[in-house]
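Visitor: Hey, got a minute to go through this structure with me? I'd like to start with the charged side chains.

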Amino acid sequence: MKFKIIVNKKANFFFFVSNLSEWSPYCRKDYSVSWLKNNPLDRKEKNALAKLNRLLKEKKYKLINPLLTSVDENGFWGNVLKILSVEERTVFKEWLNIFEKRFEKLWLKEEKNLEKAKDNLAKNFLVSDKLVALIKKLYGGRTSPKSISIFLFTSPDRKHLIGGGSGFGANGISLECSKITKNNNKNNMLARVILHEITHAFFEKRLIDKIKTFISSEYFENKYKNLILKSSIYKQVKSIIGPIKELILTSFLPEGYLAENFFGLNVIKNLKMRKSIKESQLEKNYYDLMLFGVLKMYKIAKNYSDNQEPIDKKYIEEAIKYWIEFERTDLRKLKI
């Protein structure tokens, strides 16, 4: 696989503003809190974000993905021209202009960080053929993409360091990684997140079909559906498939068994070192569900990986069981 690494200022500006609008439950609310610290939104900004929220909910990924994956400013505005009407383009530009000064202050700090991350990836990122082959075995096999575009975005998060996303067309993934450095890239976390997103983007389709089959079964309807629909995580993300496929993948990468097997990360020791776990501060949220899943699914992830056994309905059901267990667990008393 070949990689093209892209840092586009205008796409980062849109990432910043669209995230502030909270148009999707998957927007990073903690990012917005950090960006607005000591400088809250004024009335004009709040009004602009409310209107942008409505536009993005209407257009969704028809607009979001092309703008986030624009390779330069000309491409960004070219996509706006293709997707939005004349009236929509006018107000869209007005909304962005309202946030330009805010973003410029951020970009002064973040541009160098992203360029360093880009340089580091260009020089040092290598993909293990053995690991990719194992991922394909687990996920049901598929030809690897010949080339992948990696779009880099700003992030204020010093706690988790890297965020990621897939679904950017046929050959794109994103990384929110402006806080990653040579010194804090423990056990090559950057590579682990990239492989996590590559799996989502290129190898997950068959698994999603298996999950859909399982959750449409009478067995799931009778045993699990009501419990899942009442869960705090479902209420947050409004999805059944999303948390299940994420629980499965995080049991392997970036912090699960394959991180241990290929990158030398001690999974259990790493979990014990986390402040939120040491100080009993886990919460009933999507991110902490994944940490819980890494812990609980370690053994099954090891077994399937060591035996190169494709993920099946047993594995899917395990993820569902641990989702329900997470909801029932008093996280203050969780011991590792």
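Visitor: So K9, is it buried or exposed, or in between?
Guide: K9 is partly exposed, at a relative accessible area of 35%. Buried means under 20% relative accessible area, exposed means over 50%, and partly exposed is in between, with a 1.4 Å probe and protein chains only.

Visitor: Before we go on, what kind of model is this?
Guide: It's a predicted model: local features need pLDDT of at least 70, side-chain atom pairs count only at pLDDT 80 or more, and totals for chains, interfaces and linings use all residues. Residues are numbered from 1 along each chain as its sequence is written, and side-chain values use heavy atoms, with hydrogens and water left out.

Visitor: Cool. What does the K9 side chain meet?
Guide: The side chain of E104, in a salt bridge with 2.9 Å from N to O. The term stands for a side-chain nitrogen of Lys or Arg within 4 Å of a carboxyl oxygen of Asp or Glu. The pair links distant parts of the chain, 95 residues apart: K9 is in helix α1 (residues 9-21) and E104 is in helix α7 (residues 100-124). Helices here are DSSP runs of H or I with at least four residues, strands are runs of E with at least two, and both are numbered from the N terminus.

Visitor: And E104, how accessible is that one?
Guide: E104 is partly exposed too, with a relative accessible area of 29%.

Visitor: Which residue does R102 bridge to?
Guide: R102 forms a salt bridge with E45, and their closest N and O atoms are 2.8 Å apart. That pair also links distant parts of the chain, with R102 in helix α7 and E45 in helix α3 (residues 43-59), 57 residues apart.

Visitor: Are those two buried or exposed?
Guide: R102 is buried at a relative accessible area of 12%, and E45 counts as buried at 7%.

Visitor: How many salt bridges does the structure hold?
Guide: There are 16. Another one of them joins the side chains of K225 and E221, at 3.5 Å from N to O. K225 is partly exposed at 26%, and E221 is partly exposed at 36%. Elsewhere, E58, K59 and E88 are joined into one network by salt bridges that share partners.

Visitor: Switching to strands. How covered is β2?
Guide: Mostly: six of the seven residues in strand β2 (residues 147-153) are buried.

Visitor: What pairs with β2?
Guide: Strand β1 (residues 2-6) pairs with β2 in the parallel sense over five bridges, where two strands count as paired if DSSP finds at least two bridges between them. One of the contacts there has I148 in β2 as the bridge partner of F3. Strand β4 (residues 172-176) also runs parallel to β2, joined by five bridges, and S174 in β4 is the bridge partner of F151.

Visitor: Any backbone oddities to look at? Where's the cis peptide bond?
Guide: Between L253 and P254, with omega about 5°. P254 sits in the loop between α14 (241-250) and α15 (257-263).

Visitor: What about phi at N187?
Guide: Phi of N187 is near 50°, a positive value in a residue other than glycine. N187 is in the loop between β4 and α9 (189-203), and counts as partly exposed at 25% relative accessibility.

Visitor: And where is S280?
Guide: S280 is in the loop between α17 (275-278) and α18 (286-296). Phi of S280 is positive, near 55°, in a residue other than glycine, and S280 counts as partly exposed at 25% relative accessibility.
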